Amino acid sequence: MTIFDSIVTNDYEVETMAEKVESDSSKTVFAYGLVARYANNSNYYKFVYNINEDKFKIVKLQNNTETVLASITRTQLLENKNVPGMDLNNLLMYFRVEGSTLIGSVNQFGPILTATDSTFSSGKFGLYSLNEKVNFNWVRNYRNNADSYTVYRSTGPTANFTVLQSGITGTTFTDKTPTPGVTYYYYLRAVNSNGTSYHHSNTLRKN
């Protein structure tokens, strides 16, 4: 494991692009993925792809004892999503912990596993591999630490977004300046003392 953060937090999402490189031929069990709410090497949650079982799993390790909280085989996943296949050598993996809810997502499929467990309420995040060489090409962490939000607007879906309103602290906002008959696109970014979030929300279309 590689644990990245020295700050212990409770609710967050971590994501990475995992590139499978090589398995240890002398072993029989292989897995890789993400760790959340890490307390120490004996206590944490993990969301992994288990290669030898061909399964995605959310697992709790408590006092060195593993409990599988949720799992799905790759075959089941592809059948559920009605798609022919997936590239197992390059997996975009997400692991979200919010309260007692644990959510694992992969690629464009969105959430594929959800579990409920309240054993660990906070902890660090990191990367995990077992008997497998993996390139984690980048890692991002998202936390619920916004002080305010800024709404952006454009007449196109992908470009020319400008600030419509900043400093929003509530849960709703109404655009009072649209031109009738024009289609607008909106997204928002979170803001705190460290600056503005790198990523923005999903884009909303409004006629």
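**Exercise 1. Burial and overall make-up**

Task: State what share of the 207 residues of the protein chain counts as buried, and give the secondary structure of the chain.

Solution.
- Step 1. The model is predicted, and 39% of the 207 residues of the protein chain count as buried.
- Step 2. The secondary structure comes to 1 helix and 16 strands.
- Step 3. Along the principal axes, the C-alpha atoms fill a box of roughly 65 × 40 × 30 Å.
- Step 4. Take the contacts between residues at least 6 apart in sequence: 58% of them join residues at least 24 apart.

**Exercise 2. The six-stranded sheet and the helix**

Task: Give the strand order of the open sheet of 6 strands, name its edge strands, and place helix 1 against the sheet.

Solution.
- Step 1. The order is 1-10-3-4-5-6, with antiparallel pairing.
- Step 2. Strand 1 (2-3) and strand 6 (65-73) are the edges, each pairing on one side only.
- Step 3. Helix 1 (residues 74-81) packs on this sheet and touches strand 4 (43-50), strand 5 (55-62) and strand 6. The direction of helix 1 makes about 40° with that of strand 6.
- Step 4. At the strand 1 edge, 2 bridges join strand 1 to strand 10 (residues 124-130), and the two run antiparallel. Ile3 has Gly126 of strand 10 as its bridge partner.

**Exercise 3. The five-stranded sheet and a hairpin**

Task: Give the order of the open sheet of 5 strands, then describe the pairing of strand 8 with strand 9.

Solution.
- Step 1. The order is 9-8-7-2-11, and the pairing is antiparallel.
- Step 2. Strand 9 and strand 11 are the edge strands, each pairing on one side only.
- Step 3. With direction ignored, neighbouring strands of this sheet are turned by 20° against each other on average.
- Step 4. Strand 8 (residues 101-106) and strand 9 (residues 111-116) pair in the antiparallel sense over 5 bridges. Leu102 stands opposite Ala115 in strand 9, and Ile103 stands opposite Thr114 in strand 9.
- Step 5. The hairpin of strand 8 and strand 9 has 4 residues between the strands, and Asn107 takes a positive phi near 50° there.

**Exercise 4. Two residues with positive phi**

Task: For Arg37 and Asn63, find the element that holds each residue and decide whether it is buried or exposed.

Solution.
- Step 1. Arg37 has a phi near 50°, a positive value in a residue other than glycine. Asn63 is not a glycine either, and has a positive phi of about 50°.
- Step 2. Arg37 lies in strand 3 (residues 31-40), whereas Asn63 lies in the loop between strand 5 and strand 6.
- Step 3. The cut-off for buried is under 20% relative accessible area, and for exposed it is over 50%.
- Step 4. The relative accessible area of Arg37 is 1%, so Arg37 is buried. Asn63 has 58% relative accessibility and therefore counts as exposed.

**Exercise 5. The largest pocket**

Task: Give the volume of the largest pocket and describe its lining.

Solution.
- Step 1. The largest pocket holds about 810 Å³ of space.
- Step 2. Its lining has 26 residues, and the closest to the centre are Tyr142, Arg143, Ala190, Ser197 and His199.
- Step 3. At least two lining residues come from each of strand 2 (12-23), strand 7 (90-98), strand 11 (132-143), strand 14 (184-192) and strand 15 (195-196).
- Step 4. By class, the lining has 9 nonpolar, 11 polar and 6 charged residues.

**Exercise 6. The second largest pocket**

Task: Do the same for the second largest pocket, and state which strand gives the most to its lining.

Solution.
- Step 1. The volume of the second largest pocket is about 460 Å³.
- Step 2. It is lined by 22 residues; Val151, Phe173, Asp175, Tyr186 and Leu204 are the closest to its centre.
- Step 3. Strand 12 (148-154), strand 14 and strand 16 (204-206) are the elements that give two or more residues to this lining. Strand 14 gives the most, with 4 residues.
- Step 4. The lining of the second largest pocket divides into 12 nonpolar, 8 polar and 2 charged residues.

**Exercise 7. The surroundings of Asp147**

Task: Locate Asp147 and list what it touches beyond four places in sequence.

Solution.
- Step 1. Asp147 is in the loop between strand 11 and strand 12.
- Step 2. Leaving out residues up to four places away in sequence, Asp147 touches Thr169, Val191, Asn192 and Ser193.
- Step 3. Asp147 and Ala190 are 43 residues apart along the chain, and their C-alpha atoms are separated by 7.5 Å.

Conventions:
Residues numbered from 1 in each chain as written. Predicted model: local features only at pLDDT ≥ 70, side-chain atom pairs only at ≥ 80, totals over all residues. Heavy atoms only, no water. 1 Å grid on protein atoms, 1.4 Å probe; cavity = no way out; pocket = protein on both sides within 12 Å on 5 of 7 lines; lining within 4 Å. Points joined across faces, edges and corners; volume = space filled by probe spheres on them. Nonpolar A, V, L, I, M, F, W, Y, C, P; charged D, E, K, R; others polar. Pairing = 2+ DSSP bridges. Contact = heavy atoms within 4.5 Å. Axes fitted to C-alpha atoms, helices over the stretch in contact; angles between N-to-C directions. Buried < 20%, exposed > 50% of the residue type's maximum accessible area, 1.4 Å probe, protein only.
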